[in-house]
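Okay, everyone, thanks for squeezing in. I'll put the structure up and then walk through a few charged pairs, the way the copies fit together, and the core.

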Protein chains: 2
Amino acid sequence: MAAAVITRLVRMVRWEPGASARLRAAAMDLYVSRGFDGTTAADIAQAAGLTERTFFRHFADKREVLFDGQNLMQQAFLDGVAAAPREASALELVASGLSAVATFFPDERRDYSRRRQTIIAENPALQERELLKLAVLATAVAAALRARGIPEPTATLAAQSGVTVFGVTFGVWIAESSERSFDDIQRDMLQELVAMTAGVPS
Amino acid sequence: MAAAVITRLVRMVRWEPGASARLRAAAMDLYVSRGFDGTTAADIAQAAGLTERTFFRHFADKREVLFDGQNLMQQAFLDGVAAAPREASALELVASGLSAVATFFPDERRDYSRRRQTIIAENPALQERELLKLAVLATAVAAALRARGIPEPTATLAAQSGVTVFGVTFGVWIAESSERSFDDIQRDMLQELVAMTAGVPS
DNA sequence: GTCTATAGTGCGATAGAC
DNA sequence: GTCTATCGCACTATAGAC
């Protein structure tokens, strides 16, 4: 009841709140129905009741609208690294970050992630943006490891390996057949990485 | 002498040969002097004595002109994997590919690589393209590992790790102070990777 | 080789919030 | 008054269609 009154009051102001969220939702829908290339910025803006110019004030480009959630995930990873026990090794620090990030991918989110990934898989420009975000993540993780006393080049190698584990995990998690939790898959994947490097070539 | 005659004859044909090479050289120069964003496709074409339309017939987009050498490097990596001895482990297959790729980076090439990397480092769009090329490389390497009997997800983890080692090596190799050969750095980096994962978290 | 859609930018004006 | 979100319009360059 009170909510309805508030809604009516809100409608009287010059613009509806939550422009970013509306643009994001509209973009997802249109990218699914018409494809990324078949959707113009004007289409998205119109679907959200805004103008093209406003779209570009919220998002630097047409791709970014699919990726602005990444920052939260990155922060979780970094917090996870920071939360690791003293004297943890580089790989243990990374493992701690990975556990933290797994909380961002509960089972309920799997369908959404699948839809989003389908859009990205169909367009090289979107793949490029995703890779850039992962590279930024790896760089940030490497910095966090250095802050915990891990020297280069170990910090960068460990950070990149962590992002690799995350990426492979994500791929398995959204695979059609998969039913296991993100965290379960990720733990196994980290074990696989360790096992893979155990066969030492000198 | 003969060369001069040939040059004169060549000038009589409808177009100079080596259009791609001229466009590539012109693009490098202009990207350095005016920056990537400050250079238009028309600028590059004009500097190479060609039209904008011709530029886009040779390169899919303005970025690609800096990246079309990658295919040769990728093939070298794959050949290196294929050349590894029977019964090689995943990491040994990758190490074999890495050795092969190191031949693409003799000391004489360091200055060129530095200039090119400076351009890329200044522009996110170029970083995206570079990351895509590396991702394509990793995918191809993973396929080569599977062809040698390495199962998933080990193949992908090993391939990604290999590309990581390559990337970190490249960064050290072009660093101002570095004087060591690409191959030397890369061997150490692979050892570091193995050492880093040896501290096993269960 | 020409034509065109559209991504993305720059700038000024407007409408409200504070 | 300042600050922020929006619109509207003109503009360039990319990239693809014809």
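So, start with B:Arg187, which makes a salt bridge to B:Asp183, with the closest N and O atoms 3.0 Å apart. Keep in mind that this is a predicted model. Both residues sit in helix H10 of chain B, residues 182–198, and they're 4 residues apart, about one turn of the helix. Are these two buried or exposed? B:Arg187 counts as partly exposed, at 47% relative accessibility. B:Asp183 is also partly exposed, with a relative accessible area of 22%; the cut-off for buried is under 20%.

As a reminder, side chains of opposite charge can pair when their charged atoms come close. Over all chains, the structure holds 26 salt bridges, and I'll pick out a couple more.

Go to helix H7, residues 110–121, in chain A. There, A:Asp111 and A:Arg114 meet through their side chains in a salt bridge, 3.7 Å from N to O. They're separated by about one helical turn because they are 3 residues apart in that helix. Now flip over to chain B: B:Arg114 has a salt bridge with B:Asp111, and the closest N and O atoms are 3.7 Å apart. Again the two lie in helix H7 of chain B, 3 residues apart.

Here's a small wrinkle with the labels. A:Asp111 comes out at 51% relative accessible area, so we call it exposed. B:Asp111 comes out at 48%, so that one is partly exposed. The line between those labels is drawn at 50%, so I wouldn't read much into the wording.

Next, how do the copies relate? Chain B can be laid on chain A by a turn of 180° and a shift of 0.0 Å along the axis, with an RMSD of 0.1 Å. The two copies are therefore related as by a two-fold rotation axis. And which C-alpha in chain B is nearest the axis? That's the one of B:Glu128, 2.5 Å away from it.

B:Glu128 turns up in a salt-bridge network too, linked with A:Asp61, A:Arg63, A:Glu64, A:Arg129 and A:Lys133. As for the interface, 100% of chain B's interface residues are also interface residues in chain A, so the copies meet through the same surface.

Last stop, the greasy part. The largest nonpolar core has 83 residues, and those touching the most other members are A:Leu145, A:Phe166, A:Phe182, B:Leu145 and B:Phe182. Take A:Phe182: leaving aside neighbours within four places in sequence, its contacts include A:Phe105, A:Phe166, A:Phe170 and A:Trp173.

How values were computed:
Residues are numbered from 1 along each chain as its sequence is written. Chains are lettered from A and ligands numbered from 1 in the order in which they are written. This is a predicted model: local features need pLDDT of at least 70, side-chain atom pairs count only at pLDDT 80 or more; totals for chains, interfaces and linings use all residues. Side-chain values use heavy atoms; hydrogens and water are left out. A nonpolar core is a set of buried Ala, Val, Leu, Ile, Met, Phe, Trp, Tyr and Cys residues joined through side-chain atoms within 4.5 Å. Buried means under 20% relative accessible area, exposed over 50%, partly exposed in between (1.4 Å probe, protein chains only). Contact means heavy atoms within 4.5 Å. Copies are superposed by least squares on the C-alpha atoms of residues with pLDDT of at least 70 in both. A salt bridge is a side-chain nitrogen of Lys or Arg within 4 Å of a carboxyl oxygen of Asp or Glu.
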